[in-house]
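Please study the sequence and the structure shown below before attempting the exercises. Each task is followed by a solution in steps.

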Amino acid sequence: MAKFLIVEARFYGHLNDMLVDGARSALEAAGHEVEVLTVPGALEIPGAIVLAAESGQYDGYVAIGVVIRGETYHFEIVAGESARAIMALTMDGIAIGNGILTVENEEQAVVRADKAQKDKGGEAAKAALTLFDLRSRFG
């Protein structure tokens, strides 16, 4: 049994609840322990993962959040920089599944977050599990 940390940017609580539920279900179905850590926004997720990884307490991570396009350029910064930082950490060997939704509107987010529809939280957890397995195989 491994221990996974779901790091969620809890900006849209009802959407995050669906994403976290999907991620937790996938990790627990695979027989692993799960904890959830909440941070203010998507830009804080990679930093929280680094701090948790340095602690040595966790074997893998799932990044959860929702970024909905607004009227300003902020969407592009948050979406791009959070994805870039997570990818950099993954390239450093940290097993992370990226479940940060970047969508045009709330309706798109609901479809992607809902376990009965696209279950992107569950998919992100499965990606983290795959990377964890690969790290174990090659590490």
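The exercises below treat the nonpolar cores, a buried acidic residue, salt bridges and the surface.

The model is predicted: local features need pLDDT of at least 70, side-chain atom pairs count only at pLDDT 80 or more, and totals for chains, interfaces and linings use all residues. Residues are numbered from 1 along each chain as its sequence is written, and side-chain values use heavy atoms, with hydrogens and water left out.

**Exercise 1. Describe the largest nonpolar core and state which element gives the largest share of it.**

Step 1. A nonpolar core is a set of buried Ala, Val, Leu, Ile, Met, Phe, Trp, Tyr and Cys residues joined through side-chain atoms within 4.5 Å. Buried means under 20% relative accessible area, exposed over 50%, and partly exposed in between (1.4 Å probe, protein chains only).

Step 2. The largest core has 24 residues, and those that touch the most other members are Phe4, Ile6, Leu27, Val62, Ile64, Val66 and Leu101.

Step 3. Two or more residues each come from strand E1 (3-9), helix H1 (13-29), strand E3 (60-68), strand E4 (96-103), H4 and H5. Helices (H or I, at least four residues) and strands (E, at least two) are DSSP runs, numbered from the N terminus. H1 gives the largest share, six residues.

Step 4. Another core, of 20 residues, lies apart from this one, and Leu5, Ala63, Ile96 and Ile100 are among its members.

**Exercise 2. Determine whether Phe4 is buried or exposed, and name some of its contacts.**

Step 1. Phe4 belongs to strand E1. Because its relative accessibility is 0%, Phe4 counts as buried.

Step 2. Contact means heavy atoms within 4.5 Å. Leaving aside neighbours within four places in sequence, the contacts of Phe4 include Leu27, Val34, Tyr58 and Phe132.

Step 3. The C-alpha atoms of Phe4 and Ile96 are 9.5 Å apart, while the two residues are 92 residues apart in sequence.

**Exercise 3. Identify the side-chain partners of Glu8 in a polar contact and in a salt bridge.**

Step 1. Glu8 is found in strand E1. With a relative accessible area of 5%, Glu8 is buried.

Step 2. A polar contact is a pair of N or O atoms within 3.5 Å; within protein, one must be able to donate a hydrogen and the other to accept it, and residues adjacent in sequence count only if both atoms are side-chain atoms. Such a contact, of 2.9 Å, joins the side chains of Glu8 and Asn16.

Step 3. A salt bridge is a side-chain nitrogen of Lys or Arg within 4 Å of a carboxyl oxygen of Asp or Glu. Glu8 forms one with Arg10 (3.1 Å, N to O), and Arg10 is partly exposed at 35%.

Step 4. A network of salt bridges links Glu8, Arg10 and Asp17.

**Exercise 4. How many salt bridges are there by this rule?**

Step 1. The count comes to nine salt bridges.

Step 2. One of them joins Glu28 and Arg24, with the closest N and O atoms 3.7 Å apart. Both residues lie in helix H1, four residues apart, about one turn of the helix.

Step 3. Arg69 and Glu76 also meet in a salt bridge, at 2.5 Å, N to O. Arg69 is partly exposed at 34%, and Glu76 is partly exposed at 31%.

**Exercise 5. Where does Ile77 lie, and how is its accessibility classed?**

Step 1. Ile77 is part of helix H3 (residues 74-91).

Step 2. Ile77 counts as partly exposed because its relative accessibility is 37%.
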